[in-house]
Amino acid sequence: MSTNKSQNLANPPPTSAQGKQAALWRAARPGGTPPPRISVPEWADRYRKLAKEAGSTSGNWSTSTVEVARGPMLAPTEPGVHVITAMVSTQMLKTALLENIFGYFAHLDPCPMLLLQPKEDAAEQFSKERINPMVRVTPVLRELVGSSKTRNADETLLFKSFPGGFLALAGAGSPDNLARRPVRVILADEVDKYPVTREGDPISLAEERTASFGANWLSVRACSPTVQDESRIEKSYLSSDQRRASVCCPGCGHRQFLDFFRHVDWKKRKDDKGVVLEHFPRTARIFCEACGLGWSEGERLMTLRTVRWHQTRPFNCCGSRHVPLDMYDRAWRDAEARDPGSGGITAVDAVWDWWASERHAVYRVKCPDCGTWAVDNQHAGFQASKLYSPWSKDKPSDIATKWLAAKDDEDLKQAWWNTQMGMPYRAHSGKDLDLETLASRGELWAAQVPFGVGVLTAGLDVQPDRVECELVGWGRDEESWSIDYEVFEGDPETPELWARVDAYLLKTWYRHDGRPFNVSSACIDSGGHNTQRVYDFAKARLGRRIYAIKGESARNGQRSPVWPTKVPSRRNKATYRPTIIGVNTAKDTIRNRLNKDAPGPGFMHFPADRDLNYYAQLTSERIVVKEASGHKYRVWELPSGRANEALDCRVYAYAALCALIHFGLKLNRTVEDLAEVLHGAPPLPEGEVSVAPTPQAGAAQGGPSVRVKSAAPGRSRVSKLA
Ligand SMILES: [Zn+2]
Ligand SMILES: [Zn+2]
């Protein structure tokens with residue numbers, strides 16, 4: 001990886017970190033000289049040799065063969081970093097990261113170090129199979145570690161001394177081992193397998209031992225994740241700056257964050273109805289989301305050399321919440337739309353600053369409004385799937401083959417997510433939902449509104465710093481299409497935000513033949529913040545059937561109708577009250593419908609550009625059984641740390657449909673009435689085109705010409721292979 005110094009100088013460094021760092025070195029090593037200013041990857045490239053036991057290759061270590069490991073290896077010398085979390089698929093970079101950090105410190109910056117394994121026998125095994133061979137074949141370490149000069153009675157499998165420091169290896173289940181000596185560097189491996197001892201969490205106990213090293217300590221936590229919401233490495237990654245890796249497409253140069261369900265596709269044999277009869281996973285490859293190019297294995301290996309890491313943690317700045325990966329998605333799609341074929345490559349610089357020297361390299365995320373680096377780097381977290389693996393046994397076709405073998409078996413699926421994707425996973429039972437099945441169901445339709453839609457409704461969720469909105473098209477027997485999902489960032493106390501929401505709700509949406517649609521009804525949550533603002537907005541728009549609503553409380557889990565059957569008599573504006581909707585009933589219905597896997601009554605269609613996070617939110621809640629005065633009942637509950645805005649928006653959009661039906665809408669009749677293709681309007685080709693709605697369509701407010709965009713321009717090329 002090349003570092004770009006001129007660009008680095010142009011960026012505002014957040015602190016005078018380098019000078020401070022040097023001062024710290026001196027403080028930590030009184031009378032000593034600062035260690036040579038090289039990085040861990042440079043140390044490994046220069047000094048490390050590979051033992052035969054550690055793998056099939058032997059000889060010199062070369063970071064460039066596992067380029068994805070360079071980012072995590074640079075983190076120990078990145079100014080400001082104290083904690084490093086590596087949540088990665090198995091056998092990719094985890095062990096090498098720990099080994100190289102050990103070698104670097106033992107050789108160039110000696111200090112007391114502690115390496116934790118789940119149990120003492122695992123620590124002995126790590127010492128025997130990893131540390132010993134590495135020391136034996138690497139001359140600079142052989143000279144220092146356990147050399148005759150320093151050998152003493154302490155020298156065992158679990159204690160390696162070297163001039164200026166030592167490496168102690170211990171099992172995380174023995175708190176005594178954790179509480180003994182002060183240490184400066186902690187290497188915690190396989191952290192999901194650590195027991196919680198009487199004394200507390202082993203990592204916290206170990207990190208307490210770094211206290212005497214002031215600002216000079218380092219803690220590295222590594223593991224492939226396990227069970228979602230229980231995984232220690234997942235929790236650690238979530239509290240980090242959440243770095244993810246991108247690579248450049250060899251076709252167009254677009255930087256892409258590789259995602260199995262969005263970017264990997266393979267040939268399938270299908271019947272007339274589109275049901276897959278046979279998969280050909282050996283044909284699986286990664287497709288560029290910008291230019292549609294399918295990468296050969298040679299091209300994939302080439303792109304791995306362009307790996308760079310980006311902070312992706314969502315943050316609040318300048319009064320708004322920002323989601324870096326969403327910002328990037330919007331930025332590159334806009335750039336690509338302005339300059340087709342460009343891959344939107346300028347978009348990266350709109351979201352991140354490349355901050356690099358010989359000793360660190362990372363894309364720091366910046367606030368789009370004020371430009372400051374809004375996410376602290378004290379805790380650098382890294383997550384990567386096997387799509388970034390350089391090993392030939394981890395090709396996309398191997399991952400796809402494993403996916404097809406695992407997708408119908410919960411145990412195999414758990415292992416696949418953990419070992420192949422490097423992601424935590426919780427097994428579902430019975431008819432519970434598969435996130436990935438949903439996510440792979442995304443569709444393309446020819447225009448904004450597909451044929452079959454009778455009415456549009458909107459559901460809006462109000463958060464302290466934004467309003468989220470889903471626009472849903474409803475067809476025969478409540479088959480639905482998610483037309484659009486929009487996030488309005490801003491303060492819901494300000495009229496400015498509501499003006500944008502209003503303009504959106506007034507927009508006209510077009511079908512392939514030019515037929516216009518408007519939002520027939522909308523429900524806005526008034527149960528959280530900004531209640532009065534929502535009331536004011538809704539009561540001024542009652543005529544447009546825009547309602548302020550509140551979810552019913554979960555009294556005994558009773559199921560009320562989604563839209564109340566008995567609506568109190570007409571209220572005047574002074575006594576405006578929100579409508580109480582039956583959220584538990586709505587959530588039951590939505591969950592049942594998500595389980596449907598073929599178009600028809602109730603089936604939910606989604607556009608291809610929705611990401612996994614959207615589906616995670618949609619399926620975030622679980623039924624829990626509660627008990628009150630001897631009576632058991634079921635309610636929907638959100639596990640802590642999960643977001644559910646997408647589900648809430650769908651609940652409210654559904655409530656808006658129920659309101660229309662309550663007030664007399666005959667949905668199936670309306671769908672039939674609109675089935676006829678408009679005459680005079682030429683059918684639109686797929687993709688982005690201009691349409692002139694015909695006068696008889698009554699689209700006066702649509703103006704003479706509107707832009708109609710397909711749901712996902714990049715995906716259309718990808719799906720041709722399918
Ligand atoms: Zn491309
Ligand atoms: Zn800002």
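At what angle do the axes of helix α15 and helix α16 cross, and within what distance do they come?

**View 1. Crossing of helices α15 and α16 in the predicted model.** The axes of helix α15 (residues 396-406) and helix α16 (residues 410-421) come within 8 Å and cross at roughly 155 degrees. Because angles over 145 degrees count as roughly antiparallel, α15 is described as roughly antiparallel to α16. The crossing in which α15 passes α16 is left-handed.

**View 2. Residues in the contact between α15 and α16.** Helix α15 contributes Ile399, Lys402, Trp403, Ala405 and Ala406, while helix α16 contributes Leu412, Lys413, Trp416 and Gln420. Sorted by class, this contact of α15 with α16 comprises six nonpolar, one polar and two charged residues.

**View 3. The open sheet of seven strands.** The strands follow the order β26-β25-β24-β19-β20-β21-β27, and their pairing is mixed. At the edges lie β26 (579-581) and β27 (604-605), each of which pairs on one side only. Within the sheet, strand β24 (residues 519-525) and strand β25 (residues 546-551) run parallel and are joined by four bridges, with Ala522 standing opposite Ile546 in β25.

**View 4. Helices α18 and α22 packed on the sheet.** Helix α18 (residues 495-505) packs on the sheet, where it touches β19 (455-463), β20 (466-474), β21 (480-489), β24 and β25, and its direction makes about 160 degrees with that of β21. Helix α22 (residues 645-662) also packs on the sheet, touching β19, β20, β24, β25 and β26, and the direction of α22 makes about 135 degrees with that of β19.

Notes. Residues numbered from 1 in each chain as written. Chains lettered and ligands numbered in written order. Predicted model: local features only at pLDDT ≥ 70, side-chain atom pairs only at ≥ 80, totals over all residues. Axes fitted to C-alpha atoms, helices over the stretch in contact; angles between N-to-C directions. Helix = DSSP H or I, 4+ residues; strand = E, 2+ residues; numbered from the N terminus. Parallel < 35°, antiparallel > 145°, perpendicular 65-115°, else oblique. Left-handed = near helix turned anticlockwise from the far one by under 90°. Contact = placed C-beta atoms within 7 Å. Nonpolar A, V, L, I, M, F, W, Y, C, P; charged D, E, K, R; others polar. Pairing = 2+ DSSP bridges.
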